[in-house]
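Subject: Structure handover

Hello,

Here is the structure I promised you. Please open it alongside this note. My findings follow below it.

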Amino acid sequence: MQETIEKVTKVVKKKRAKFPESYIHDIALAAERHDLDDDELDELVRRVKRAYERAKVEKGEAVGTVAAQSVGEPGTQMTMRTFHYAGVAELNVTLGLPRLIEIVDARKKISTPTMAIYFEDEFKNDEEFVRTIANKIGKSNVNDILQDFHVNFAEMNVVAELDETKIKDKRLDYTDIINRVEKAFKKAQIDNNILRFEPSKSNIRELRLLADKIRDLQISGVKNIGKVVIRKEEDEWVIHTEGSNLGAVLKMEGVDKVRTTTNDIHEVEKVLGIEAARNAIIHEAQRTMDEQGLTVDVRHIMLVADMMTADGSVKSIGRHGISGEKASVLARASFEETGKHLLRASIRGEIDHLSGIIENIIIGQPIPLGTGSVGVVMKQNK
């Protein structure tokens with residue numbers, strides 16, 4: 001293989017083609033697979049060079065407008081619906097146009113945050129280990145492990161009996177549960193699996209409130225994560241969650257830190273940084289499109305993601321983000337809140353240098369793109 005790569009590199013240099021490393025690798029693979037001779041390799045490189053140069057953006061091309069149309073047009077064709085997550089009936093996930101709007105608006109609180117948690121090679125087929133982790137991550141209340149629960153109005157107390165089988169099934173630790181109960185209810189009387197509670201005031205309302213509080217006491221789980229679903233995907237176990245907490249999950253033993261993902265872009269930025277957030281925007285937008293059977297060239301989505309993350313933080317496309325922070329007064333005013341922008345600019349004495357597209361369209365000048373990006377100068381004969 002290395003020999004073929006060197007051979008291709010020589011041909012590429014001879015043809016004066018400037019290819020990325022990956023292209024050379026792909027051409028070498030194709031040459032080996034089809035057993036190409038020197039002339040055929042020459043022809044292949046020539047054709048790839050021609051296609052590569054045709055795919056480049058022309059100078060003066062309105063890339064922003066093209067990207068906006070390429071993402072916006074199929075976006076309007078999307079069905080407006082939320083959908084069950086890839087065959088998991090228990091988890092709801094926002095898809096289609098509402099999800100796309102969520103992504104470009106860079107919403108801090110998204111409607112259905114979810115995580116896909118993968119495991120390292122040594123644990124990914126260990127069902128027992130995966131179920132233990134799932135019960136550590138998923139939210140469990142006292143109510144989930146009760147055998148019997150009795151509110152005694154005569155003696156003004158609540159008696160709860162824990163079910164050892166349920167505790168074992170959920171792979172929870174009995175002493176940990178008791179510690180949590182003791183911490184929450186200082187006056188609880190604990191006798192093996194039977195817990196007795198008395199309200200602070202002896203009246204029925206207090207007793208009922210206490211009963212609800214006992215049932216709802218959380219005994220396991222990671223913050224912000226609710227339900228978890230374990231699925232066998234291809235040849236490994238994967239956990240899907242309702243809710244998201246990437247930071248806490250990545251610290252757990254056995255979790256694959258590379259493949260584990262969340263659909264909450266702000267959380268990705270907080271835990272893994274701005275480059276990861278940029279990739280998350282691209283991945284989420286593309287997946288949303290693919291699920292609806294729409295194909296958009298990834299370069300348009302990459303441009304949108306670059307604009308949203310260029311300043312080192314995730315910004316929305318709108319009046320609170322990119323559009324609202326443009327240098328041109330007229331460009332800001334043309335988007336939203338026209339009067340407010342013009343008033344502010346006049347108070348500050350701002351000057352519009354008319355370097356962009358929108359402002360030139362407003363005042364009726366040719367825009368600085370395409371033929372308008374070239375100035376013609378005539379030199380008179382001396």
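One open sheet has 4 strands in the order 5-6-8-7, with antiparallel pairing. The model is predicted, so please read everything here in that light. Strand 5 (146-152) and strand 7 (189-191) stand at the edges of this sheet. Each has a single partner strand, so one side of each lacks a neighbour in the sheet. On average, neighbouring strands are turned by 15 degrees against each other, direction ignored.

Look at the strand 7 edge. Strand 7 runs antiparallel to strand 8 (residues 194-197), and 3 bridges join the two. Glutamine 189 stands opposite arginine 196 of strand 8.

A helix covers part of this sheet. Helix 9 (residues 204-215) lies across strand 5, strand 6 (157-162) and strand 8. Its direction is at about 165 degrees to strand 5.

Now the other sheet. This open sheet also has 4 strands, in the order 10-11-3-12, and the pairing is antiparallel. Strand 10 (225-233) and strand 12 (261-262) are at the edges. Each pairs with a single strand, so one side of each is left without a neighbour in the sheet. Strand 12 pairs with strand 3 (residues 114-117) in the antiparallel sense, over 2 bridges. There, threonine 262 in strand 12 is the bridge partner of methionine 115.

Helix 6 (residues 127-137) lies across strand 3, strand 10 and strand 11 (236-243). Helix 6 runs at about 10 degrees to strand 11.

One residue in strand 11 deserves a look: glutamate 236. Is glutamate 236 buried or exposed? It is buried, because its relative accessible area is 9%, and the cut-off for buried is under 20%. Its side chain makes a polar contact with the side chain of arginine 259, at 2.9 Å. Beyond its neighbours within four places in sequence, glutamate 236 is in contact with Tyr118, Phe119, Lys124, Asn125, Arg231 and Arg259.

Last, a helix pair. Helix 1 (residues 2-14) and helix 2 (residues 21-34) pack at an angle of about 115 degrees. Their axes are 9 Å apart. Helix 1 passes helix 2 in a right-handed crossing. Which residues of helix 1 meet helix 2? They are Thr4, Ile5, Val8, Thr9 and Val12. On the helix 2 side are Ile24, His25, Ile27, Ala28, Ala31 and Glu32. The residues of this contact divide into 7 nonpolar, 3 polar and 1 charged.

Best wishes

Notes. Residues numbered from 1 in each chain as written. Predicted model: local features only at pLDDT ≥ 70, side-chain atom pairs only at ≥ 80, totals over all residues. Heavy atoms only, no water. Axes fitted to C-alpha atoms, helices over the stretch in contact; angles between N-to-C directions. Left-handed = near helix turned anticlockwise from the far one by under 90°. Contact = heavy atoms within 4.5 Å. Nonpolar A, V, L, I, M, F, W, Y, C, P; charged D, E, K, R; others polar. Pairing = 2+ DSSP bridges. Buried < 20%, exposed > 50% of the residue type's maximum accessible area, 1.4 Å probe, protein only. Polar contact = N/O pair within 3.5 Å; in protein donor to acceptor, adjacent residues only side chain to side chain.
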